[in-house]
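This report describes a structural model in terms of its enclosed helices, its chain-to-chain contact and selected residues. The sequence and coordinates are shown first.

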Number of protein chains: 2
Amino acid sequence: MASSRDMETCKSEHMQVDIDQKNSFQDKIVRSQWVLNAPEPPSPLHVVADSVKKTISRVRKRFSSMADQSCTTLLLSVLQGIFPILGWGRSYTVAKFRKDFLAGLTIASLCIPQSIGYATLAHLDPEYGLYTSVVPPLIYAVMGTSREIAIGPVAVVSLLLSSMVQKLVDPTTNPLAYTKLILLATLFAGIFQTAFGFFRLGFLVDFLSHAAIVGFVAGAAIVIGLQQLKGLLGITHFTTKTDIISVMKAVWESFHDPWNPRNFILGCSFLVFILTTRILGKKKKKLFWLASISPLVSIIVSTLVVYLTQADKDGVKIVKHVKGGLNPSSIHQLDFNNPYVGEVAKIGLVVAIVALTESVSVGRSFASIKGYQLEGNREMVSIGLTNIIGSFTSCYVATGSFSRTAVNYAAGCETLVSNIVMAITVLISLQFLTKLLYYTPTAIIASIILSALPGLIDINEAYKIWKVDKLDFLACFGAFFGVLFASVEIGLIVAVTISFAKIVIISIRPGIETLGKLPGTDLFCDVYQYPMAAQIPGVVIIRIKSALLCFANANFVRERIVKWVTQEESKGDMKHSRSTINLIIIDTSNLVNIDTSGIASLEELHKSLSSHGKQLAIANPRWQVIHKLKVSNFITKISDRVFLTVEEAIGYKTEC
Amino acid sequence: MASSRDMETCKSEHMQVDIDQKNSFQDKIVRSQWVLNAPEPPSPLHVVADSVKKTISRVRKRFSSMADQSCTTLLLSVLQGIFPILGWGRSYTVAKFRKDFLAGLTIASLCIPQSIGYATLAHLDPEYGLYTSVVPPLIYAVMGTSREIAIGPVAVVSLLLSSMVQKLVDPTTNPLAYTKLILLATLFAGIFQTAFGFFRLGFLVDFLSHAAIVGFVAGAAIVIGLQQLKGLLGITHFTTKTDIISVMKAVWESFHDPWNPRNFILGCSFLVFILTTRILGKKKKKLFWLASISPLVSIIVSTLVVYLTQADKDGVKIVKHVKGGLNPSSIHQLDFNNPYVGEVAKIGLVVAIVALTESVSVGRSFASIKGYQLEGNREMVSIGLTNIIGSFTSCYVATGSFSRTAVNYAAGCETLVSNIVMAITVLISLQFLTKLLYYTPTAIIASIILSALPGLIDINEAYKIWKVDKLDFLACFGAFFGVLFASVEIGLIVAVTISFAKIVIISIRPGIETLGKLPGTDLFCDVYQYPMAAQIPGVVIIRIKSALLCFANANFVRERIVKWVTQEESKGDMKHSRSTINLIIIDTSNLVNIDTSGIASLEELHKSLSSHGKQLAIANPRWQVIHKLKVSNFITKISDRVFLTVEEAIGYKTEC
């Protein structure tokens with residue numbers, strides 16, 4: 001009984017196999033029909049219209065959800081949308097404030113010397129740096145969505161601004177006009193940043209690739225360091241150029257003048273002190289406070305030393321007068337009838353992108369550590385409005401600083417309140433302490449800025465980029481040397497150009513690869529990537545090594561395929577003494593798109609293959625590709641030899 | 001007996017199934033190892049070195065194969081390599097010559113008026129057009145590999161040359177200096193063309209996409225037609241600008257002058273005659289001879305009419321004196337100390353590419369009709385040397401002409417001997433018949449050129465491009481209107497810019513698509529392309545809609561995936577009231593490459609997914625991608641969740 005049931009099962013299984021085989025051919029036809037009768041893909045016009053529609057519906061939904069609420073909650077939710085502080089501020093606690101207060105004081109102690117130094121780097125009076133550390137952090141604190149970013153003047157932006165604006169107006173002969181242009185550039189940068197955010201152009205920030213940023217920042221750090229040689233060595237006649245050759249020449253020439261080593265000794269000794277405390281702070285977490293107060297200690301001690309020894313009369317360069325008081329209004333200084341207004345707008349655009357790149361990338365990396373998402377477009381609007389209002393209150397371009405954000409995070413900040421604490425501290429200093437800054441040696445400012453630079457030169461990351469991607473490294477290398485030997489803008493241009501050239505080269509790279517069947521699967525893969533893949537006799541399966549079959553590579557690909565087939569056949573000739581290949585399958589699964597030149601070259605390929613008695617088949621075409629092949633009647637030309645998989649295309653050969 | 005054998009088979013099959021199931025898990029591990037332990041892909045440096053090595057070995061092989069031959073055969077094979085005529089000339093027959101002779105005379109009768117007209121278009125004396133129809137065809141005939149191309153001056157190149165060179169020197173006030181610059185540009189174009197061929201840069205010709213060429217040629221045809229209004233209407237004061245607005249303005253202004261309608265009537269009546277014979281010739285193949293002799297007939301009849309009626313004294317414009325005789329040497333006219341030599345070299349480069357594009361594309365299309373391959377690099381060297389020698393013998397840039405090649409083919413040419421026949425015919429005309437050309441009305445020249453233009457405006461092709469690819473149509477449209485409303489160069493620049501921008505946009509397009517399983521297969525496809533594809537519960541399978549995960553799209557893609565997963569989960573929430581997705585599979589089969597930004601964003605994606613208790617898996621990575629993921633240690637971070645297929649990645653979930 002048992003055996004007869006076994007037999008029945010067995011028979012039914014045998015029958016099943018027969019039916020399966022009969023069905024398989026029909027299934028295949030059905031599946032080919034799936035490929036051929038796919039719904040029409042949305043046209044580019046459709047895609048654009050759709051995205052506009054979605055945006056409108058999203059806005060409408062938001063408004064309709066608002067309409068349901070009462071007037072007060074409505075107002076509150078709108079305000080909270082604009083000022084996130086109203087949201088997180090309600091759950092703010094004293095414990096959080098204690099942390100923020102300490103972090104705010106820590107970054108303020110770093111911020112004051114850096115602001116003075118960066119303003120000097122931007123060829124502005126020191127107070128402009130301090131102004132930029134007051135208003136922008138306050139505005140960002142109520143509008144921003146990051147929790148760690150420390151807003152204020154930053155080195156790269158200061159350098160970029162000065163190197164571009166000084167081509168229009170000389171800061172030494174005409175400082176007033178120069179300052180006006182800087183403020184105008186700040187306004188433009190703010191407007192561009194707000195517009196980027198408003199029109200959801202967040203992707204613009206991504207146009208500087210990670211590799212390019214690594215190279216660019218390292219180059220900028222060295223250039224900034226070189227600029228500090230002026231303060232550190234106490235040089236009077238310095239160059240306004242930023243490339244390494246001009247600066248080294250200026251330094252070399254300064255040695256011919258009578259030179260006062262006091263500046264250098266003072267600066268170096270405090271640089272050693274700051275770096276030592278930093279290393280100590282890194283090794284022992286408990287000593288972190290030492291590293292964070294060392295800049296403040298350096299300033300106080302050095303200022304006292306100079307004041308008491310009257311070293312300024314012996315040639316030690318000091319900061320001298322810093323204009324105190326609140327940020328004055330600068331609306332009347334924004335002159336749109338300036339002859340350079342077009343140039344300044346361009347500068348504003350470049351600065352806007354670079355500043356956003358720094359801020360968004362630093363914000364993102366800390367957000368990812370703390371496990372929350374930073375919304376790029378929202379951030380852009382916040383930074384943009386910060387700069388617009390900044391330009392009305394004597395501030396130049398502010399953005400999230402690499403070094404101070406890191407200190408802010410390490411000092412345990414909880415929210416943007418640390419920025420408010422910092423701004424108030426700087427404000428108090430501006431009001432009451434500028435006279436005390438009079439005797440601060442410039443060498444100390446230089447050494448504080450220098451001490452922040454090593455963190456910007458990331459050799460490990462550059463090595464990693466080299467290991468992973470040689471072309472990416474080229475972009476990194478180009479940006480680095482462009483900044484170092486030419487100028488900051490040239491470095492940027494080089495980096496962006498290499499990055500995009502790389503995209504074009506990879507996309508239109510005209511290579512093909514032959515596929516073989518992986519043993520035990522229905523999968524066809526590159527025979528070089530998988531040496532165990534076996535080629536099918538009589539069939540050549542080809543995949544194009546790029547995502548586009550377009551004007552730039554179509555002819556090349558066609559010629560390669562014809563050459564390849566001829567070669568394979570001559571190999572076959574040697575073995576079997578007759579031609580054997582009669583089916584060429586193109587696996588188009590990775591082909592994202594095709595253009596009219598691509599279709600034309602496929603048609604020519606089909607013609608030249610069929611004139612030699614060979615057939616062309618297409619396997620697994622994607623949506624856009626099958627649609628275009630259908631519309632252009634290519635499918636009927638190859639008598640519907642389009643299959644869902646390579647396997648089925650091979651099956652076609654055995655059936656015919 | 002039979003039944004017991006059946007049972008045994010059945011049992012063994014059952015056992016087989018068990019073993020299969022046991023093996024399948026091990027197989028899967030083995031297959032994952034295939035992915036992970038693929039050999040290292042060649043680095044970019046390696047690829048370059050390899051291609052250099054291959055070229056060297058090919059040259060060496062050719063030389064070593066030569067070394068085996070005797071001295072005479074060696075010499076012969078070298079000569080035959082340089083001059084293909086020595087190869088096909090040996091099997092040349094009288095029957096072939098009869099056909100070539102007739103075709104040669106046919107194209108000569110078209111060539112003489114066209115040469116005169118195109119020289120006028122290039123602001124040169126008419127004889128330069130005729131010179132260019134003598135030496136270049138002879139040289140190309142012994143060096144070229146196409147069988148149908150008719151070499152000589154062409155309309156687009158004449159227009160391009162004049163529009164660019166007249167910016168440097170005015171042809172009306174300083175015709176001698178202008179002619180010198182044209183000859184120098186010809187030499188540069190020849191040198192560039194030869195260099196392109198020599199360094200195998202054939203792909204440069206492909207940088208003008210098919211769509212751009214269609215638009216560009218149509219725009220140029222209209223511009224050339226507009227230029228003929230000068231001859232057709234007998235206008236004395238015409239503009240040197242080529243855009244439609246300037247030309248229409250010049251025509252409008254000319255109506256204010258006393259106007260002689262005789263030119264127009266004469267030109268139009270012969271234009272109607274030529275077009276009628278052409279339509280007749282197309283309808284009835286037997287009447288082809290009528291179409292081919294109609295230009296010659298027009299010239300003879302109109303010249304006679306003018307001569308007999310002395311219509312030139314009544315205001316009919318005539319060609320007047322054409323300098324006869326052989327091509328004079330022009331070596332002494334090539335002045336490299338010219339202040340514009342850099343500009344002229346640039347013009348030479350642009351003209352070289354445009355001329356090659358016309359020649360190679362016309363050669364290819366006729367070669368494909370006759371079923372042979374045209375070798376692009378070889379063709380470039382031939383055309384280049386033709387132009388270099390041409391520049392020494394008072395010729396300007398020659399290339400394969402669209403219209404005359406078509407006539408040559410239709411007239412039944414067999415080999416390049418038809419070019420030799422044409423050249424000799426033009427030479428005889430130059431020697432003996434230039435006096436007869438004196439009374440030829442310029443309106444007839446204009447009408448012959450006009451009659452060739454409709455063939456260049458391919459509305460059907462433009463419609464086809466619109467149907468197949470909207471962005472391609474944009475390039476076509478841009479080129480057309482650029483040429484028409486701005487200038488020939490601007491049209492070219494617009495076309496190339498749009499074409500490359502399209503490549504960048506498609507390559508970095510930051511979209512993702514969800515995949516579902518096709519019923520009855522192991523295949524996972526886009527759920528929109530295949531509506532029957534079923535999604536797997538608890539798993540999201542995502543494919544990136546571009547071939548590169550790079551700096552320009554990586555962040556966007558990451559944000560999209562996170563958003564998508566959140567959305568899918570909230571949908572799941574509504575149905576099952578709890579979160580269900582715990583595996584996100586990225587199918588990377590279409591990802592050709594990834595860069596460091598792409599890897600960084602994958603790492604962030606992994607981090608943010610695993611913080612929500614979800615796992616990330618990679619399926620079917622390609623060679624470069626898996627290599628880079630391995631080198632950057634990303635694979636170990638996702639604990640080796642890399643699979644050969646999506647199916648196996650899903651299997652992983654059920655196993656765990």
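In chain B, the buried residues of helix 18 pack against helix 5 (94-121), helix 10 (210-233), helix 12 (261-283), helix 13 (288-309) and helix 16 of the same chain. Contact here requires that the C-beta atoms of two residues, placed from the backbone, lie within 7 Å. Helices (H or I, at least four residues) and strands (E, at least two) are DSSP runs, numbered from the N terminus.

The model is predicted: local features need pLDDT of at least 70, side-chain atom pairs count only at pLDDT 80 or more, and totals for chains, interfaces and linings use all residues. Residues are numbered from 1 along each chain as its sequence is written, and chains are lettered from A and ligands numbered from 1 in the order in which they are written.

**Enclosed helices of chain B**

A residue is termed buried if 20 or more other C-beta atoms lie within 10 Å of its own, exposed if 12 or fewer, and partly exposed in between, with C-beta atoms placed from the backbone. Helix 18 of chain B spans residues 442-452, and because eleven of its eleven residues are buried, it is largely enclosed by the rest of the structure. Among these buried residues are B:Thr442, B:Ile445, B:Ser447, B:Leu450 and B:Ala452.

Helix 16 of chain B (residues 402-410), one of the packing partners of helix 18, is mostly covered, with seven of its nine residues buried. The buried set consists of B:Phe402, B:Ser403, B:Arg404, B:Thr405, B:Val407, B:Asn408 and B:Tyr409. After helix 16 of chain B comes B:Gly412, with a positive phi near 90 degrees.

**Relation and contact of the chains**

A turn of 180 degrees and a shift of 0.0 Å along the axis lay chain B on chain A with an RMSD of 0.1 Å. The two copies are therefore related as by a two-fold rotation axis. In chain B, the C-alpha of B:Asn590 is the nearest to this axis, at 2.1 Å. The superposition is by least squares on the C-alpha atoms of residues with pLDDT of at least 70 in both copies.

The contact draws 69 residues from chain B and 69 residues from chain A. On the side of chain B that touches chain A, helix 21 (residues 488-508) of chain B gives the most, with seven residues. By class, that side has 34 nonpolar, 20 polar and 15 charged residues; Ala, Val, Leu, Ile, Met, Phe, Trp, Tyr, Cys and Pro count as nonpolar, Asp, Glu, Lys and Arg as charged, and the others, Gly among them, as polar. Since 100% of the interface residues of chain B are also interface residues in chain A, the copies meet through the same surface.

B:Ser368 provides an example of contact across the chains: leaving aside neighbours within four places in sequence, B:Ser368 is in contact with A:Glu604 and A:Lys607. B:Ser368 belongs to helix 14 (residues 341-370) of chain B.

**Domains and helix 5 of chain A**

An automatic or database domain assignment supplies the domain bounds. For chain A it gives domain 1 (86-502) and domain 2 (509-655), whose C-alpha centres lie 56 Å apart.

Helix 5 (residues 94-121) of chain A has 28 residues and reaches 39 Å from its first C-alpha to its last, close to the 40 Å expected at 1.5 Å a residue. The expected span is 1.5 Å times one less than the number of residues. At A:Cys111 this helix bends by about 30 degrees, and a proline, A:Pro113, follows within four residues. The bend is the angle between axes fitted to the seven residues ending at a residue and the seven starting there. Helix 5 of chain A is followed by A:His123, with a positive phi near 60 degrees.

**Selected residues**

Most residues other than glycine have a negative phi. A:Arg200 nevertheless has a positive phi of about 55 degrees and sits in the loop between helix 9 (175-198) and helix 10 (210-233) of chain A. A:Ser394 likewise has a positive phi, of about 60 degrees, and lies in the loop between helix 15 (376-392) and strand 2 (399-400) of chain A.

The neighbour counts of several residues are tabulated below.

| Residue | C-beta neighbours within 10 Å | Class |
|---|---|---|
| A:Arg200 | 12 | exposed |
| A:Ser394 | 24 | buried |
| B:Ser158 | 28 | buried |
| B:Ser368 | 16 | partly exposed |
| A:Gly348 | 25 | buried |

A:Gly348 is placed in helix 14 (residues 341-370) of chain A. Its C-alpha is separated by 5.0 Å from that of A:Phe188, 160 residues apart along the chain. Not counting residues up to four places away in sequence, A:Gly348 touches A:Ala185, A:Phe188, A:Ala189 and A:Phe192.
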